[in-house]
Amino acid sequence: MLEAEIIGIKYHRLLTNGITLESTAVLKHDYDYSFIVSYNNEFIDNDYNVVEKQSCIIDVTQGEDNIIKGFNSTSRNELRRTYKTPGLEFHFGYSNFEKYYLFYKSCELARGWYPVPENELGNCLLFTASFEGEYISGMSCYFGEDVIRVSRIYSNKKINSNPLITGTIYGSAAKRLVFDICNYAINNNFKKVDLGGVDFSDPAKEGISRFKTSLGGEILPVKLARYTNANYEQKKAQVFEMGYDIT
């Protein structure tokens with residue numbers, strides 16, 4: 001479970017295959033904002049606002065070779081290209097969090113999004129691509145039970161000024177990042193990687209949905225459940241005024 005805090009708001013993100021009233025009672029007591037992704041068809045706590053979404057989920061128990069076979073032909077070629085592109089490197093974690101957060105924040109602001117708070121990003125699993133020593137794209141993840149879920153996908157493509165970093169490099173790097181996350185999941189005994197929501201009915205999400213489905217995952221229903229208390233409701237406007245998004 002991912003935990004974070006900002007201006008006295010304690011919140012979490014939980015992945016689960018099943019939820020009970022006893023477990024949600026603890027979460028509602030301990031946190032001001034509770035966010036749950038449930039892979040079970042039932043969600044029994046009526047205090048939560050629950051919506052059903054579609055998510056792209058890769059079964060990593062099939063092994064590395066079959067994961068690659070699940071990529072479409074273009075994605076497989078782009079994945080192979082990442083091992084041959086001079087200057088392109090991949091990293092897990094960070095050496096300087098302040099520098100990393102500034103990179104991440106600039107990516108979010110460039111596409112008109114607010115970043116998550118420093119405390120939240122610092123508690124995530126971070127997978128990043130760099131070109132000639134400079135960060136260019138990344139994915140943040142959190143985990144629970146047998147699942148790793150991709151939380152944010154970001155790049156500096158919109159503000160890139162280096163002509164050597166082409167769209168092909170950005171596209172290839174994104175596929176490699178997913179592959180690296182899958183390998184991390186395999187090596188740490190997880191069973192699934194959840195790439196997050198897929199929605200072809202929304203033109204704004206069509207591109208990212210095509211990207212996710214090109215990687216061989218299965219489109220499955222998930223339930224997203226949110227609970228907030230009075231402390232959160234009182235302070236949420238202040239969080240946005242500070243330039244953060246925790247929703």
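This report describes the sheet, the helices, the nonpolar cores and a few single residues of a predicted model.

Residues are numbered from 1 along each chain as its sequence is written, and side-chain values use heavy atoms, with hydrogens and water left out. Because the model is predicted, local features need pLDDT of at least 70 and side-chain atom pairs count only at pLDDT 80 or more, while totals for chains, interfaces and linings use all residues.

**Sheet**

Helices (H or I, at least four residues) and strands (E, at least two) are DSSP runs, numbered from the N terminus. Two strands pair if DSSP finds at least two bridges between them. An open sheet is formed by 10 strands in the order β1-β2-β3-β10-β4-β9-β8-β7-β6-β5, with mixed pairing. Its edge strands are β1 and β5, each of which pairs on one side only. On average, neighbouring strands are turned by 25° against each other, direction ignored. Here axes are lines fitted to C-alpha atoms, for helices over the stretch in contact, and angles run from 0 to 180 degrees between N-to-C directions.

Two pairings are listed below.

| Strands | Sense | Bridges | Residue and partner |
|---|---|---|---|
| β1 and β2 | antiparallel | five | E5 opposite K10 in β2 |
| β8 and β9 | parallel | three | I148 with V193 in β9 |

In a regular strand the side chains alternate between the two faces of the sheet. Strand β1 shows this alternation: L2, A4 and I6 point to one face and are buried, whereas E3 and E5 point to the other and are not. Buried means under 20% relative accessible area and exposed over 50%, with partly exposed in between (1.4 Å probe, protein chains only). Helix α8 (residues 230-241) lies across β1, β2, β3 and β10 (218-228), and runs at about 100° to β2.

**Positive phi values**

Most residues other than glycine have a negative phi. I7, in the loop between β1 (2-6) and β2 (9-16), has a positive phi near 40°. The hairpin of these strands has two residues between them, and I7 is partly exposed at a relative accessible area of 28%. E145 lies in the loop between β7 and β8 and has a positive phi of about 50°. N189, just after α6, takes a positive phi of about 65°.

**Helix α6 and the cores**

Helix α6 (residues 167-187) has 21 residues and reaches 30 Å from its first C-alpha to its last, close to the expected 30 Å; the expected span is 1.5 Å times one less than the number of residues. Of its 21 residues, 16 are buried.

A nonpolar core is a set of buried Ala, Val, Leu, Ile, Met, Phe, Trp, Tyr and Cys residues joined through side-chain atoms within 4.5 Å. The largest such core has 34 residues, of which I136, M139, V178, I181 and L195 touch the most other members. Elements giving two or more residues to this core include β4 (49-59), β7 (134-144) and α6. The largest share, 10 residues, comes from α6. Apart from this core lies another, of 30 residues, including L2, V116, L121 and V147.

Contact means heavy atoms within 4.5 Å. Leaving out residues up to four places away in sequence, M139 touches residues including A174, L177, V178 and I181.

**S34**

S34 is found in strand β3 (residues 33-38) and counts as buried because its relative accessibility is 0%. Its side chain is joined to that of Y48 by a polar contact of 2.7 Å. A polar contact is a pair of N or O atoms within 3.5 Å; within protein, one must be able to donate a hydrogen and the other to accept it, and residues adjacent in sequence count only if both atoms are side-chain atoms. Not counting residues up to four places away in sequence, S34 touches H12, L27, Y48, A225, R226 and Y227.
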